[in-house]
Amino acid sequence: MRIDLTESVSAEYQHILSPHALLFVAELQKKFNRERVLLLQKRAVRQRRFDKGELPDFLPETEVLRSGEWKVNPAPFDLCDRRVEIAGPANDAKMVIHGYNSGAKVYMSDFEDSLCPTYENIIQGQLNLYRAIRGELTYTNPEGKEYKLNEKRAVLMVRPRGWHLLEKHMQVHGRPVSASLFDFGLFVYHNAHELFARGSAPYFYLPKMESREEAGLWDNVFSFTESTLMIPHGTIKATVLIETLPAAFEMHEILYALSDHSAGLNAGRWDYIFSYIKKLREHKDRVLPDRGLVTMDKGFLAAYASLLVQTCHRRGAHAIGGMSAFIPAKDNPEWNQFAESKTEADKVREFSIGYDGTWVAHPAYVPVAQKVADRLMPGPNQLNHEINIRVGQEELLEPVAGEVTKDGLLENIQAGISYLEAWLRKIGCVAQKNRMEDLATAHVSGGQVWHWARHRVKMTNGKRVTKKLVLQLIKREFGKNTSGRFPEAVKIFAKVATSPKFIDFLTIPAYEKLLKLEKEAKNG
């Protein structure tokens, strides 16, 4: 099998990119990539039906499965209590250490939305986790302060990139490999047996899936991996982020498709909002208001949040809540008090519904979420808490009422371009207005601007959102900013926001630009 790396392997990375590890990734690519491509084509076919007026709905052919009585296998011991989880990019050693040491029950180390996928970032992330699992990861900042892992650490879960992405730094027979298989393959090859030796196992978060078939593909990957690496069947566990609109109609099916590897579902709120915009992009009656008004207690989001708990608990699986994006501000007690109260209210809402765990973006808010969980969930989880609700197609598609304002339009433009500029500087998560922004929120920003312009939405000032107005505002806000990567970020965001056809992911054009910037830097 011909395997090529487009970048040289430094001495530091040789172990991670060893011939045997790369061969394992190549075997995954050879065995599963064709089905991955076919499933992405199915996404496109279904999207064309949505664009012509069809709406997502529950599948009649799987009604028997939804109405049947079955449960997933019980969670392993170290995943029984997941009341507070924290997430962060795998490539940042300091943040990895903080995640492990945060006091959260679970640390989700990310190769996806909070990590910019440069060659160095991805491989450094693999190296960081390799060292952390073995208790060897340390970090010393420029001032000489050293950070190291505590004896008591969170349980590790890893989020690989989604099925739609490629890793172009590795090629098999001249073609780029699946980014999902690359991230997963390197991690599990190097760490599965070490995790077992330390009383855990390989646990994953799976992003961006749209169907039971896509979950079934992951299940096949897991089973093949367990057989190849000679680890017990069913010990790889995965929690699926329900962050696409089609997946919300297939939650039972997704849990069933993952079979022995199922470890619950997560309410990925920001990507879910983006998916609602993307899937219903030609439906004028589904346009959403300013993003700040689209909250989890309203419309399609409230319905989805409750249905996820009902589905999980009926099947004996954990339901994990969404991210509180607040981060503390230095020397600003008023903001910190506000952020803490908002985080607490968000977690009260989730645990009151019946969630078994929740996410925070910063270690400072682990105790806030922990306090709410301890008060409302005295046991390790709420799997016995069943809710009896009826959520149908209408509820899952109900738009959120509210207005579109010029301030909301400007906020989307500013947030999207500012985040994209940082992403092009290899930074995957950034603090903006004391909130942690990642690729998911950038997708919402770009998607909303496109949607508003596509349907010429009328703002509260009486003017309509048009492509011309969007380009004028982009030029006014960022036209003179030539610092950093702003010129490139402006071009990409303007293309995404005003393209004749919806661009499915901001990362598609942005990744191509990132590769060019890497090449330019390499060539001096």
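**A walk through the chain, its pockets and its cavities**

Arg 456 is partly exposed, because its relative accessible area of 45% falls between the 20% and 50% cut-offs. Please keep in mind as we go that this is a predicted model. Arg 456 sits in the loop that joins α15 to α16 (467–478). The backbone there is worth a look: phi of Arg 456 is near 50°, a positive value in a residue other than glycine.

A second residue invites the same inspection. Lys 208 is not a glycine, yet its phi is positive, at about 65°. You will find Lys 208 in the loop between β9 (203–206) and α6 (212–228). Is Lys 208 buried or exposed? Its relative accessible area is 4%, under the 20% cut-off, so Lys 208 counts as buried.

Now let us step back to the whole chain. It holds 18 helices and 15 strands. Along the principal axes, the C-alpha atoms of the chain fill a box of roughly 65 × 60 × 50 Å. What radius of gyration would a compact globule of 524 residues have? The expected value is near 24 Å, and the chain has 22 Å, so the two agree. Of the 524 residues, 60% count as buried. Among contacts with a separation of 6 or more, 79% join residues that are 24 or more positions apart. The accessible surface of the chain is about 21,700 Å², and carbon and sulfur atoms account for 51% of that surface.

For a feel of distances across the model, start at Arg 48, which belongs to helix α1 (residues 19–51). Arg 48 has 48% relative accessibility, which is under the 50% needed for exposed, so this residue counts as partly exposed. From Arg 48 to Ser 483 there are 435 residues in sequence, and the C-alpha to C-alpha distance is 40 Å.

Next come the open spaces. The largest pocket has a volume of about 810 Å³. Its lining has 28 residues, of which Trp 270, Thr 295, Phe 326, Lys 342 and Arg 435 are the closest to the pocket centre. Which elements each supply at least two residues of this lining? They are α9 (269–279), β12 (319–324), α11 (333–353), α14 (406–424) and β15 (435–437). The largest share, 5 residues, comes from α11. By class, the lining of the largest pocket has 11 nonpolar, 7 polar and 10 charged residues.

The second largest pocket contains about 430 Å³ of space. Here 21 residues form the lining, and those closest to the centre are His 252, Leu 307, Gln 310, Ile 389 and Val 391. At least two lining residues each come from α8 (251–258), α10 (299–314) and α13 (393–397). In the second largest pocket, α10 gives the largest share of the lining, 5 residues. The classes in this lining are 8 nonpolar, 6 polar and 7 charged.

Closed spaces are part of the picture too. How many cavities of 30 Å³ or more are there? The count is 5, and the largest cavity holds about 330 Å³ of space. Of its 28 lining residues, Arg 159, Trp 270, Met 323, Trp 359 and Asp 438 are the closest to the centre of the cavity. Trp 270 has already appeared among the residues closest to the centre of the largest pocket. Two or more residues of the cavity lining come from each of β2 (84–89), β3 (106–110), β11 (262–267), α9, β12, β15 and α15 (439–454). The lining of the largest cavity divides into 14 nonpolar, 6 polar and 8 charged residues.

The helix α9 makes a good last stop, since it supplies at least two residues of the lining of the largest pocket and also gives two or more to the lining of the largest cavity. This helix is mostly covered, with 10 of its 11 residues buried. Among the buried ones are the aromatic Tyr 272, Phe 274 and Tyr 276, together with Arg 269, Asp 271, Lys 278 and Lys 279. The buried residues of α9 also include Ile 273, Ser 275 and Ile 277.

How values were computed:
Residues are numbered from 1 along each chain as its sequence is written. This is a predicted model: local features need pLDDT of at least 70, side-chain atom pairs count only at pLDDT 80 or more; totals for chains, interfaces and linings use all residues. Side-chain values use heavy atoms; hydrogens and water are left out. On a 1 Å grid over the protein atoms alone, a cavity is a set of points where a 1.4 Å probe fits but cannot get out, and a pocket is an open set with protein on both sides within 12 Å along at least five of seven lines; lining residues have an atom within 4 Å of a point. Grid points are joined across faces, edges and corners, and a volume is the space filled by probe spheres set on the points. Helices (H or I, at least four residues) and strands (E, at least two) are DSSP runs, numbered from the N terminus. Ala, Val, Leu, Ile, Met, Phe, Trp, Tyr, Cys and Pro count as nonpolar, Asp, Glu, Lys and Arg as charged, and the others, Gly among them, as polar. The radius of gyration is taken over C-alpha atoms; the globule rule is 2.2 Å times the number of residues to the power 0.38. Buried means under 20% relative accessible area, exposed over 50%, partly exposed in between (1.4 Å probe, protein chains only). Contact means heavy atoms within 4.5 Å. Accessible areas come from the Shrake-Rupley method with a 1.4 Å probe; for residues, only the protein chains shown count as cover.
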